[in-house]
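Colleague: I should be grateful for a close look at the pockets and cavities of this chain. Please describe what lines each of them and set the account within the fold as a whole.

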Amino acid sequence: MQKGSKIWYNGKLLDWDEAHIHVLTHGLHYGIGVFEGIRAYETEKGIAIFRLHDHLKRLFNSAKIYMMNIPYGYDEVVDAIIETVKANGMPDCYIRPIAFTAYGLMGVNPLKNKIDLAIAVWKWGEYIGEENKGIRCLISSWRRIDPRSMPVQAKATANYANSALARMEAIKNGYDEAIMLNIDGMVAESSAENVFIVSDGKLKTPPTTAGALSGITRDSLLQIASYKGIEYEIVNITRDDLYSADEVFLTGTAAGIKPVIEIDKRVIGDGEIGVVTKELKSIYDEIVRGKNSRFEKWLTIIK
Ligand code: PMP
């Protein structure tokens, strides 16, 4: 992570090193916080924020699920994000808005806590593995959180305890990333990405009802697949489907499109990045860099 210079915090742009919270911040103790991970890319027309509105809709929905009243309107948050990106002057950056229950009251009930909103921006290179290389995954022994216990469609800080356990397990065992099954043994997602397979030329990804976050990169790829005439199916995927797939890849804002070349010591396909993965990744890269007019609507250009 290469730090930015300014962090937007409750309406003010603070110097990066001055953006502090109190140790008794409620959200830190009880895990009540919702956030987004957004990327902006340098394009010929200016800095382009990718699918800003889809990310913000998800942020406000996450807050609603947790009964958090973000004390800024939707348009104010859009403006705050643009202001923060501009203030940091980083053409390629990762943007992290986070709303959380603030300092003031302790105890599990968060209903009376004030909600703080912060927006940070930093330069984040390769999130998993190395650029243009496939990664090795482990099927985690930790099951993905179940919608009967936690709302999995809220992008909530609390969910990431489950993700972190899985990711640590993978890393400690020498893998790059963990793929998690749900309580019923079906593939849900990885610690911070959605999972796709390609079998007999057909693209498949688990439904959100399997416990997968409704990923914005996932949705982008499905729309790109439609446009390119690549057949796809949203269907439950089993562990053995993963092992015997021709191609497997992960999608997420931080990670991008990450080819998986090995799972649990089984080589996927021929162990190389697959042709469908390559094609989708190259179109996605074109789109985020403003080089594909068909999907220009996904870019919020900052002059
Ligand atoms: N699943 C989880 C658990 C995630 O944290 C993320 C990252 N937000 C994703 C999937 C991918 O979502 P997106 O493509 O919107 O970044």
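Modeller: The account below begins with the chain as a whole and then turns to the open pockets, the enclosed cavities and two individual residues.

The model is a predicted one. Its secondary structure comes to seven helices and 18 strands. The C-alpha trace spans about 55 × 45 × 30 Å along its principal axes. For 303 residues, a compact globule would have a radius of gyration near 19 Å, and the value for the chain, 19 Å, agrees with this. Of these 303 residues, 51% count as buried. Among contacts with a separation of 6 or more, 70% are made by residues 24 or more positions apart. The accessible surface amounts to about 14100 Å², and carbon and sulfur atoms hold 51% of it.

The largest pocket has a volume of about 550 Å³. It is lined by 25 residues, of which Tyr41, Glu126, Glu131, Lys281 and Arg289 are the closest to its centre. Three elements each supply at least two residues of this lining: strand β5 (38-43), strand β16 (256-263) and helix α7 (275-288). By class, the lining of the largest pocket divides into 11 nonpolar, four polar and 10 charged residues.

The second largest pocket has a volume of about 450 Å³. Here 30 residues form the lining, and those closest to the centre are Lys155, Tyr160, Ser191, Ala192 and Glu193. Two or more lining residues come from each of β7 (93-101), α4 (159-172), β11 (187-190), α5 (216-228) and β15 (247-252). Helix α4 provides the largest share of the lining of this second pocket, namely five residues. The classes in the lining of the second largest pocket are 12 nonpolar, 11 polar and seven charged residues.

One of the residues closest to the centre of the second largest pocket, Glu193, merits a separate description. Glu193 belongs to the loop between β11 and β12 (194-199). With a relative accessible area of 2%, Glu193 is buried, because a residue counts as buried when this value is under 20%. Leaving out residues up to four places away in sequence, Glu193 touches Tyr127, Ile128, Glu177, Leu250, Thr251, Gly252 and Ala255. For one of these partners, Thr251, the C-alpha to C-alpha distance from Glu193 is 5.1 Å, although the two residues are 58 apart in sequence.

The enclosed spaces come next. The structure holds two cavities of 30 Å³ or more. The largest cavity has a volume of about 60 Å³. Its lining is made up of Asp246, Glu247, Val248, Pro259, Val260, Ile261, Ile268, Glu272, Ile273, Gly274 and Thr277. Strands β15 and β16 are the elements that give two or more residues to this lining, and β16 gives the most, with three. The lining of the largest cavity consists of six nonpolar, two polar and three charged residues. Strand β16 therefore contributes at least two residues to the lining of the largest pocket as well as three to that of the largest cavity, on the assignment of strands as DSSP runs.

The second largest cavity contains about 40 Å³ of space. Arg39, Tyr41, Phe50, His55, Thr217, Thr253 and Tyr284 line this cavity. By class, they are three nonpolar, three polar and one charged. Tyr41 is among the residues that line the second largest cavity, and Tyr41 is also one of the residues closest to the centre of the largest pocket.

Lys204 may be described last. Lys204 is placed in strand β13 (residues 202-205). Its relative accessibility is 22%, so Lys204 counts as partly exposed, the class between buried, under 20%, and exposed, over 50%. Beyond its neighbours within four places in sequence, Lys204 is in contact with Val195, Phe196, Ile197, Glu233, Val235 and Ile237. Lys204 and Leu222 lie 18 residues apart in sequence, and their C-alpha atoms are 9.5 Å apart in space.

Key:
Residues numbered from 1 in each chain as written. Predicted model: local features only at pLDDT ≥ 70, side-chain atom pairs only at ≥ 80, totals over all residues. Heavy atoms only, no water. 1 Å grid on protein atoms, 1.4 Å probe; cavity = no way out; pocket = protein on both sides within 12 Å on 5 of 7 lines; lining within 4 Å. Points joined across faces, edges and corners; volume = space filled by probe spheres on them. Helix = DSSP H or I, 4+ residues; strand = E, 2+ residues; numbered from the N terminus. Nonpolar A, V, L, I, M, F, W, Y, C, P; charged D, E, K, R; others polar. Rg over C-alpha atoms; globule rule 2.2 N^0.38 Å. Buried < 20%, exposed > 50% of the residue type's maximum accessible area, 1.4 Å probe, protein only. Contact = heavy atoms within 4.5 Å. Areas by Shrake-Rupley, 256 points an atom, 1.4 Å probe, with all protein chains shown as cover.
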